[in-house]
Amino acid sequence: PREIFRSRDDLDELPNFFANRGFQLTGDWLLIDDNFDEYPVVGYIRDRFDRIWFLVDGFGIGMGDLFSSRADFYRIGLPDIEPRALEYQYDDLWIGGIGDRGRDSRPGIARWPYVGVAWDYYQERFVSRLPKDDVNSILADGDSVWFATTYGVTLFDTRSNKWRNYNQNNGLVDDEVLDLAILQDYLYAGTERGISRISLITGRLEKIKDRRING
């Protein structure tokens, strides 16, 4: 039947599908991504054009073509976080928060693109210069996206696809950064122990030595 949701028990009525875009679909209906994380397919709908729409738990959706037996899968939805920050960069939406660190959880930072179906996800375990993906605040400035994290300030340059982190080892007043602001040529990072600022021109970091702030 078409346009009726079928459960996982009915998946074996379908032919075998081959996943595109770097994913693997196993015979017992597990989707495996390029990080070897596994997500169970929990059911599907067959639409009036004979396309198969898969529902993948903890991941998103898939769209299968019965004629070619190929399926495309798209990540959609929040990672396992308590959301704390939203920020638009042009027409894309960045979402960050404090992650659930349970055994099977998948926290991280999400980007919901204006163009395209799939979301982008960034996790500390896969990004070497993102030491923490727990985020208190996000601030976008052109191609730069700044994250106030629990281990300093992290910058992502979306044009070069490069990351950089500033923490106490670089002179940051405290690693727990709570908020961010841009004033003229500086990014200001607020913590419970004071404020630091980073030059948007040189990248140099310095502490704000003002008794009204740090006293």
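Two strands count as paired when DSSP finds at least two bridges between them. On that basis, β18 and β19 form a hairpin with 2 residues between them. The model shown in these views is predicted.

**View A. β18 and β19 form a hairpin.** The two strands, β18 (residues 186-191) and β19 (194-199), pair in the antiparallel sense over 6 bridges. Glycine 190 has isoleucine 195 in β19 as its bridge partner. The turn between β18 and β19 holds 2 residues.

**View B. β17 and β18 form a hairpin.** β17 covers residues 179-183, and its pairing with β18 is antiparallel, over 5 bridges. Leucine 180 is matched by alanine 189 in β18 as its bridge partner. Here, too, 2 residues lie between the strands. One turn residue, glutamine 184, has a positive phi of about 55 degrees.

**View C. Strands β13, β14, β15 and β16 make an open sheet.** The order is β13-β14-β15-β16, and the pairing is antiparallel. At the edges are β13 (135-141) and β16 (162-166), each of which pairs on one side only. From one strand to the next, the twist averages 20 degrees. Such pairing in a sheet runs through backbone hydrogen bonds, either parallel or antiparallel. At the β13 edge, 6 bridges join the strand to β14 (residues 144-149). Across this antiparallel pair, serine 137 stands opposite alanine 148.

**View D. Asparagine 136 sits in strand β13.** Is asparagine 136 buried or exposed? Its relative accessibility is 12%. Buried means under 20%, so asparagine 136 counts as buried. The side chain also makes a polar contact: it meets the side chain of glutamate 176 at 3.1 Å.

**View E. The largest pocket has a volume of about 570 Å³.** Its lining comprises 29 residues. Which of them lie nearest the centre of the largest pocket? They are Asp33, Tyr39, Arg75, Tyr121 and Gln123. Two strands, β8 (70-75) and β12 (120-122), each supply at least two residues of this lining. By class, the lining of the largest pocket has 15 nonpolar, 5 polar and 9 charged residues.

**View F. The second largest pocket has a volume of about 230 Å³.** It is lined by 16 residues, and the closest to its centre are Ser144, Leu155, Asp157, Arg164 and Tyr166. Which strands each supply at least two residues of the lining? They are β14, β15 (152-157), β16 and β19. The largest share, 4 residues, comes from β16, an edge strand of the open sheet. By class, the lining of the second largest pocket has 7 nonpolar, 5 polar and 4 charged residues. The pocket thus draws on strands seen in earlier views: β19 contributes to its lining and also pairs with β18.

**View G. Leucine 66 lies in the loop between β7 and β8.** The loop follows β7 (60-65). Leucine 66 has a relative accessible area of 25%. Values from 20% to 50% fall between buried and exposed, so leucine 66 is partly exposed. Glycine 116 is 50 residues away along the chain, and the C-alpha atoms of leucine 66 and glycine 116 are separated by 23 Å. β8, at the other end of the loop, supplies at least two residues of the lining of the largest pocket.

Technical notes. Residues are numbered from 1 along each chain as its sequence is written. This is a predicted model: local features need pLDDT of at least 70, side-chain atom pairs count only at pLDDT 80 or more; totals for chains, interfaces and linings use all residues. Side-chain values use heavy atoms; hydrogens and water are left out. Axes are lines fitted to C-alpha atoms, for helices over the stretch in contact, and angles run from 0 to 180 degrees between N-to-C directions. On a 1 Å grid over the protein atoms alone, a cavity is a set of points where a 1.4 Å probe fits but cannot get out, and a pocket is an open set with protein on both sides within 12 Å along at least five of seven lines; lining residues have an atom within 4 Å of a point. Grid points are joined across faces, edges and corners, and a volume is the space filled by probe spheres set on the points. Ala, Val, Leu, Ile, Met, Phe, Trp, Tyr, Cys and Pro count as nonpolar, Asp, Glu, Lys and Arg as charged, and the others, Gly among them, as polar. Buried means under 20% relative accessible area, exposed over 50%, partly exposed in between (1.4 Å probe, protein chains only). A polar contact is a pair of N or O atoms within 3.5 Å; within protein, one must be able to donate a hydrogen and the other to accept it, and residues adjacent in sequence count only if both atoms are side-chain atoms.
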